[in-house]
Structures are given as C-alpha cells and as structure tokens.
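Please open the model in your viewer and set the display to cartoon, with side chains available on request. The tour below proceeds by selection, and each stop states what is to be found there.

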Amino acid sequence: MTVKGVFPRRRPPAPSAGWWAFTLPLALMLASDYKLRSRDVDNAVGGSADLTVLVEIAIYGAAALYLVWKFGLRAPRRRTTGLLLAAWLFCGYVAFSALWSPFKSLGLVRGVQLLITMLVAHTVATRATPADLRKLAHIFVGIVLVSVGIGVAHPFPRTLHTETRFNWLYVHPVIAGVYLAVAILLVVGYLIRWNRPQDRLWHPVVYAVALAVLTGALVATGTRGAALGCAAGLLVLLATARGPKGRVDVIVMGAAVAVLAVLAFSDKILAFVSRGETTEQLATLNSRTELWSLAMDAFREEPIFGRGLGASRGLFLDSIGLGGGHNAFINALVDNGVVGTVAFAALLLTLGFVLLTICRHQTLRADAGMLLGIYGCFLTDSMTTEGLAAPANVSSVWLFILVAWAETLRRQGGDPPPAVQRSPADTVVDAAGWSGPTVTATAQVEHPAEQP
C-alpha cells in the first residue's frame, strides 16, 4: 500500500472500539495536570476545592458514568490476566488506605480518581484495538506540541524557583518534562519503524520536526530527572524495538553520539546538570536526601500499612517545605507501607515481564519496545519524583495506559505459526476426488543377508 501526503489517509479505516478508547485516558490526564491557575500547596492538602478542582472531579466522574452507561456493571466475560489483577490489587489497596490518611478529604478524592483511572484502563485493555492506541499516542504528541507553542507564545507567571525554566500554563516544569519525555519516546518509536511504515499516521519529516521541537523544549524545562529518564528510555526503546539489530545500533551509534556530545557540548551539559545550584544543593539532590531521611523516619512509625493515601503530600511541608516523597518508592512506603509497596512492585515487575515476553514476537516488537522505553523512562524518573506511585497525574495515567496497551497487544496475538509446505508427492487423489496425506512405507535394508 502506497502512502502519500504529509498526513496520509488510509481506506478503509482501521477497526476501532470507538472514540472513548483514546479520548477518556487523555481527558483524565489533562484534567489532572493542566491548570489555569496556581494554587498554594497548603490549600491542596487541606482539601479545599475551587472551580478548577471541581472541573477535574467532574471530568473523572463523567468518564466513569459514560463507561457504566455504555457497558454496564457486570462481571468480566474473559478471565482476568495476572497483569490486570496486579493493577487492580494495587489500586484497590491504595484507595482503601485513604480511610486512615491524616488528610482524609484529599485521600478519598485521589483514591476514587485512581479507581476510575483503573476502570478506564481495564475497559481499554479488554475492548480497544491497536489502532485506538495508535491514535491516542499521536493525539498525545499533538497536544504536547500545541502546549509547547502556548508556552512560547504566552509564558504564564512562574514561581521563584522556576523563573528560568520553560513550561506552559501553570504546569510545573517537572510535570511538563514528563509530558515531553513521553512524547519524545512516542515520536522516536514511530519514526524508526522502517519495516512497518503502515503504523505511522504522519510523514517521517513531521516526526523529525516534532522530535527537534520536543527535545529543545525538554532541555529548556531544566528537568534533570525527566531528561535522564528520556535518555534511559531511548536506550531501552532502541535496544528492544528492532530486535538484535537494534542492540548493535545502540552500541555503535550510542557510543559515537555520547563522545561527540561530551566533546562539543560539555559546558552546556554541566550547566544543565548544575542548574545554577550550589555544591551543597547538588550533594543533597536539591534537599531530596534530607526529605528521604524524614520519610524513612515516618515509615518506621507505620511500616506495615502506611500512613494513608496523601499523607506524604503534606507530611513534610512544615519541616522541610516540600510536598510529596520526591521518589515513587519512598512515597509508596510512607503512604501505603510494606503492603502497598509490595503491590506496587508486583505491578511494575509483572508489566515489565509481560512487555519483555511480547517483544519476542516480531509483529508486536515495535509497539512493545516503545512501551518498554516509556516504562524505563518512568522507572528512572521515579528516583526523583513520586508521580508513578501517586494518583491523578501524567505518570500514573500513563502507567495504566501501558497496562492496557500490553493487554491489547496480547489479545491481538503474536507471530503466526509457520506454514507447513507439502510437496506434491505428499498428497494423493483417489478416483472419487478425495485428497489427503499418504504414508509411504519405505523398505530399508541395512545389511543384506549373507549367503552361506
């Protein structure tokens, strides 16, 4: 099939479960992160709701009501897989932990949002098609590109700590960095599909231009965790999406690019890493190590079940001035204890195992490798941000999109079984016209009888 034009149209259209499969996950994500006002952390922790919060809650509620109206509330028709079960167990325990949170209003709202996110992911996992998720990925990239344009055209007021860092609207540069990192991995994932150009919805030139814009914006955010996560994700993506050949390309091209980058841009790389901070700030990862020490003290007080959903959001504001654990695993330990952290780790390990298994199929390798790249990006970024273990943010929503996408690929099926070619001598046709395999008996004489 010949594809022409910058934005090619294919006829007939690819099968789809409906607009909801790619619209609802994006709606939850944007409602959680895209804000038209800046809000003090104390107000958010205290549970006070303004118009923006009410709109966010309404969008989550509308998504749940639409799925219930369209599909009803009934037991699933197919057996629940281990991945979906791990996701539901994690979401269920985290939402349940809001009952003993010191910030009960915040915890209950976030718990319900997490369950709605999982409901959307489960419905996508059991009903969506690969074409739906392909649209979701491209719409997401388009939204991020438009957001970059908004940030360039109309910079919103920034805080004292983010004056020199790029963002858009009132989205924090750390969150903007995650959006940009995921968009870069999606663009690269579709750009390198030389053997499957039918998966692309845009011309390769469009992907290349988008990659340049997104990369520049990511550097401008000054978000080191997202940049490091994106670099790690690219290595994983290139090493898995194209099989053994891709791993050779990573070794050869990665070494060459790394040497050239260090030689040509060493000053800019050091400036990006230091970001004008003092040696003491760099040694403590911008006060994160001090926060983690306090977090571990809080964990020792409630080690089994944790302090409850949302506790880490306001626990350290008085003592250190930072909200959240700034590390997904430490955040999970404080909020959910050992029980919740084990459920979180089980979900991540199961997802990684499933994606690695899918990579063994050549027809699914491109998608699975791209998802593994995003997965690796999140694991790396989670060392300095808590988004992956906290509800209602881009990292959390994308985690469950990865779960749904992996299940969709498994439903699609892997490589077809090899065709068995038979020679004409293997088939015999009788007088009545019936044909079937024949069994030919061949007399084999190993040693002729000796004559006396």
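A residue counts as buried when its relative accessible area is under 20%. The model is a predicted one, and the tour applies this cut-off to it throughout.

**First stop: helix α17**

Select residues 394-412, which form α17. How many of the 19 residues of α17 are buried? The number is 16, so the helix is largely enclosed by the rest of the structure. From its first C-alpha to its last, α17 reaches 26 Å, close to the 27 Å expected at 1.5 Å a residue.

Next, select N393 and S395 at the N-terminal end of the helix. N393 caps this end of α17, with a side-chain oxygen 3.0 Å from the backbone nitrogen of S395. Then move to G413, which follows α17 and has a positive phi, near 95 degrees.

**Second stop: the loop before α17**

Select A392, which is found in the loop between α16 (365-381) and α17. This residue has a positive phi of about 60 degrees, although it is not a glycine. Is A392 buried or exposed? Its relative accessibility is 8%, and A392 therefore counts as buried.

**Third stop: the loop between α6 and α7**

Select L169, whose place is in the loop between α6 and α7. L169 is not a glycine either, yet its phi is positive, at about 50 degrees. With a relative accessible area of 13%, L169 is buried.

**Fourth stop: helix α8**

Select residues 204-221, the 18 residues of α8. The helix reaches 26 Å from its first C-alpha to its last, close to the 26 Å expected at 1.5 Å a residue. Now show the side chains of V206, Y207, A210, L214, A217, L218 and T221, which are buried. Turn the view to look down the axis of α8: the buried residues fall within an arc of 100 degrees, so they line one face of the helix.

Which helices do these buried residues pack against? Add α6 (130-153), α7 (173-191) and α9 (224-240) to the display, for these are the packing partners. Just after α8, select G222, which takes a positive phi of about 65 degrees.

**Final stop: T341 in helix α15**

Select T341, which lies in α15 (residues 328-358). T341 counts as buried, at 14% relative accessibility. To see its surroundings, add F329, A332, L333 and N336: T341 is in contact with these residues, leaving aside its neighbours within four places in sequence.

Terms used: Residues numbered from 1 in each chain as written. Predicted model: local features only at pLDDT ≥ 70, side-chain atom pairs only at ≥ 80, totals over all residues. Heavy atoms only, no water. Helix = DSSP H or I, 4+ residues; strand = E, 2+ residues; numbered from the N terminus. Expected span 1.5 Å × (residues − 1). Buried < 20%, exposed > 50% of the residue type's maximum accessible area, 1.4 Å probe, protein only. Arc of directions from axis to C-beta. Contact = heavy atoms within 4.5 Å. Polar contact = N/O pair within 3.5 Å; in protein donor to acceptor, adjacent residues only side chain to side chain.
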